[in-house]
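Here is a short report on one protein model. Please look at the sequence and the fold before reading on.

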Amino acid sequence: MERFVDLDRAAGELAVRTGRWRAAGLVVRPVTWRDGRARWPQPLATDRARVADPDSVGVHLSGPAESELLVVLFRGGWADVDFLSGDEAGPIPAQGITSAAAFGRRLDGWVYRVFGVRP
């Protein structure tokens, strides 16, 4: 898999937003990492030091009225994004992510869509 996104920097984008999300009443679960060198099925780790070759980083947020957002960014430049908000649920298309900063901007939009929390 080609590396378009630095996942450590993407995790930094998550980290700088965590305090604001928690202040807005969201529950932020620990960031998860998947190691591209691990045998299948590749386990998730919450300790970055245990991941030699990260190929994804993810976060799970939950909020009022059982709303949820699950985002997994892959180093190849796409994300698996799923949400539940009121009567609406499903995947959100997320391709063409070319940098950690671009991921941060998209993340702000997804959080606003699901929880109404502004960046």
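## A charge over a ring

A charge sits over a ring if NZ of Lys or CZ of Arg is within 6 Å of the ring centre and within 35 degrees of the ring normal. R48 fits this description: R48 lies over the face of W33, at 5.2 Å from the ring centre. Note that this is a predicted model.

## Two helices in contact

Two packed helices are described by the angle between their axes and the distance between the axes. Helix α1 covers residues 7–23 and helix α2 covers residues 100–115. Their axes are 8 Å apart and meet at an angle of about 35 degrees. The crossing of α1 past α2 is right-handed.

Which residues of α1 meet α2? From α1 come R9, A10, E13, L14, R17, R20 and W21. They face A100, A101, F103, G104, R105, L107, D108 and V111 in α2. By class, this contact holds eight nonpolar, one polar and six charged residues.

## Aromatic pairs

The count of aromatic pairs is two. In one of them, the rings of F74 and W78 have centres 5.2 Å apart and planes at 20 degrees. Planes under 30 degrees apart count as stacked, so this pair is stacked. F74 is buried, with a relative accessible area of 9%. W78 is partly exposed, at 33%.

The rings of F103 and W110 also pair, with centres 6.4 Å apart. Their planes stand at 65 degrees, so the pair is edge-to-face. F103 is buried, at 1% relative accessibility. W110 is buried too, with a relative accessible area of 6%. F103 also belongs to the α2 side of the helix contact.

## Backbone exceptions

Most residues other than glycine have a negative phi, and most peptide bonds are trans. Where does the chain depart from trans? The peptide bond from W40 to P41 is cis, with omega near -5 degrees. P41 lies in the loop between β2 (32–35) and β3 (44–45).

Positive phi values appear at A65 and at E66. Phi is near 55 degrees for A65 and about 60 degrees for E66. Neither A65 nor E66 is a glycine. A65 is in the loop between β4 (54–62) and β5 (68–74), and E66 is found in the loop between β4 and β5 as well.

Are these loop residues buried or exposed? A65 is exposed, with a relative accessible area of 72%. E66 is exposed, with a relative accessible area of 65%.

How values were computed
Residues numbered from 1 in each chain as written. Predicted model: local features only at pLDDT ≥ 70, side-chain atom pairs only at ≥ 80, totals over all residues. Heavy atoms only, no water. Axes fitted to C-alpha atoms, helices over the stretch in contact; angles between N-to-C directions. Helix = DSSP H or I, 4+ residues; strand = E, 2+ residues; numbered from the N terminus. Left-handed = near helix turned anticlockwise from the far one by under 90°. Contact = heavy atoms within 4.5 Å. Nonpolar A, V, L, I, M, F, W, Y, C, P; charged D, E, K, R; others polar. Phe/Tyr/Trp six-rings, centres within 6.5 Å; stacked < 30°, edge-to-face > 60°. Buried < 20%, exposed > 50% of the residue type's maximum accessible area, 1.4 Å probe, protein only.
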